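Work through the following exercises with the sequence and the model at hand, and try each task before reading its solution.

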Amino acid sequence: MKYIQGKNRSQTYLFPVSLEESISTDNEVRIIDVFVSSLNIGNYGFKVSYVENGRPAYHPSDLLKLYLYGYMNKVRSSRDLEKECKRNIEVMWLLGNLQPDHNTISNFRRDNNKSINKVFRETVKIARHFELIGGTLLAGDSTKLRAQNSKKNNFNQKKIDRHLEYIENKLAEYNKCLSENDGDKKEHLEEEIQRQTTRKAKYKRIEKQLNDSGEPQVSTSDPDSRQMIIRNNITEVAYNVQTTVDSKNNIPIDYKVTGHNDSKAMGNMLQRAKSILHTSDFTALYDKGYHTGTEFDIAERLGIKVMVAIPATPKSSRAPDPAYNVENFIYNEDNNTYTCPQGHILTTNGTWHKTPNGSEFQQYKTKHCKTCPVREKCTSSKQNGKIVQRRKNAQNIEHNKQRIEKEPHTYKKRQAIVEHPYGTIKRQWGFCYIITKRYLARASADVGFMMVAYNLRRIINIVGMNNIKEYLEKVISLLSCKMNIIGSIKQILKPGNFQTKYSKAIYKLRLKWLYLSQNYA
């Protein structure tokens with residue numbers, strides 16, 4: 001049987017193939033190259049590490065190309081990227097055979113969180129140019145990405161107290177044994193006492209750190225990460241990544257890495273979406289984790305229509321018979337009263353009460369509760385009757401409920417829209433954890449590269465290689481013209497060069513600049 005034979009490794013070839021010939025014209029790496037070349041990288045504020053009067057630094061565009069290639073090909077580790085520079089022919093072509101070490105690669109991601117976010121914004125601009133973003137229906141959600149901090153190194157006051165109690169019991173036990181033993185065990189007991197005393201001091205320092213921070217928990221390896229519920233009762237020390245995704249092609253237009261849950265996140269993400277789209281004429285979909293009264297107030301002020309899933313009534317607020325739950329009481333806006341299912345009117349004395357978290361509410365009662373034949377079905381209170389609480393923002397919450405009941409088909413689209421990026425990034429690419437360590441900014445840089453890679457891959461899949469390449473080459477041409485204009489203006493305005501006769505030239509250059517700016521936008 002015949003087999004295909006490989007080439008002799010020791011053989012010399014008369015016409016060696018160049019790197020350029022090794023990379024096909026439809027290779028994705030060419031899109032990465034032209035995309036980075038289309039960026040006015042000098043305005044992005046990239047920082048690069050170098051020694052003064054030492055070896056020159058690597059250009060930010062080369063390191064950016066390396067990272068984009070890595071994230072689009074499931075490689076995030078700086079050490080793995082260093083290896084790719086030496087063995088991967090696509091990376092050799094992309095970087096012109098440059099081989100930065102892993103420290104240089106790692107420092108670039110560490111120091112450039114804001115600049116990476118600006119690159120992400122450019123991918124959104126490209127998507128808008130190709131009309132891939134509708135801007136009329138958005139979906140927001142969050143996903144938890146595990147941090148480089150174990151549960152063992154995450155502490156709250158209860159956990160610290162448990163450790164200190166254990167140590168105190170051990171110290172009491174060892175001291176008692178020490179007082180009763182003068183022989184061979186004395187040295188061992190003194191060592192154990194010293195070890196437990198050191199551990200006690202460690203937990204006291206963590207307790208002080210916790211008290212000084214004012215937070216309910218503290219992480220020692222990655223200080224900005226927090227222990228959060230991932231699903232059901234499963235918890236992880238993680239970061240919470242908020243995203244806003246456009247419905248037309250499931251393209252994220254915004255992301256934000258936080259250390260908090262979803263309850264207070266919707267308002268800020270809506271403000272950001274409004275500034276990105278330059279309009280408030282859109283509908284935003286969220287799940288029940290975002291159902292917070294104050295966030296509805298923000299949406300109302302912004303003029304944005306939101307549809308947020310309605311959470312189940314908590315057990316503490318449920319009536320013995322579900323037919324008498326508060327949602328079945330009818331509110332009359334004209335006279336500020338409630339009508340119960342039995343037809344009785346509940347009124348308020350107008351006093352505003354405050355909850356521990358600062359939200360205000362009024363209480364509504366009726367005297368008919370005392371003689372009502374269905375009291376046992378309505379309330380379990382033995383002394384008082386049914387008390388209905390209405391918060392200041394209840395009207396906005398009711399409007400949200402009405403919108404969902406009116407357009408249930410619209411809300412059902414939420415999961416299909418917002419879960420698409422998460423499914424690709426976490427399931428297909430395996431990016432289910434944060435690879436960087438220590439602090440939110442570094443985690444944001446990691447997530448930023450994930451989002452840039454996702455958007456580029458998504459745009460390429462929809463638009464096609466040739467169309468996006470043609471567009472980016474046009475952008476490069478316009479950018480080059482702009483740079484030439486800037487150079488010409490600087491030359492004219494140089495001391496000794498400026499004369500009255502140049503005023504017309506400057507005017508013409510400004511007109512050309514305006515034309516190019518409109519085309520680039």
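Two strands pair if DSSP finds at least two bridges between them, and strands (E, at least two residues) and helices (H or I, at least four) are DSSP runs, numbered from the N terminus. The model is predicted, so that local features need pLDDT of at least 70 and side-chain atom pairs count only at pLDDT 80 or more, while totals for chains, interfaces and linings use all residues. Residues are numbered from 1 along each chain as its sequence is written, and side-chain values use heavy atoms, with hydrogens and water left out.

**Exercise 1.** Determine the strand order of the sheet that contains S13, and find the partner of Phe361.

Solution. The order is S12-S13-S14 in an open sheet with antiparallel pairing, and its edge strands, S12 (353-354) and S14 (388-391), each pair on one side only. Between S13 (residues 360-364) and S14 there are 4 bridges, and Phe361 stands opposite Arg391 in S14.

**Exercise 2.** Repeat this for the sheet that contains S10.

Solution. Here the open sheet has the order S9-S10-S11, again paired antiparallel. S10 (residues 337-339) and S11 are joined over 2 bridges, and Tyr338 has Leu346 in S11 as its bridge partner.

**Exercise 3.** At what angle do the axes of H10 and H11 cross?

Solution. The axes (lines fitted to C-alpha atoms over the stretch in contact, with angles from 0 to 180 degrees between N-to-C directions) of H10 (residues 266-277) and H11 (residues 293-302) come within 8 Å and cross at roughly 20 degrees. H10 is therefore roughly parallel to H11, a term for angles under 35 degrees.

Terms used. Parallel < 35°, antiparallel > 145°, perpendicular 65-115°, else oblique.
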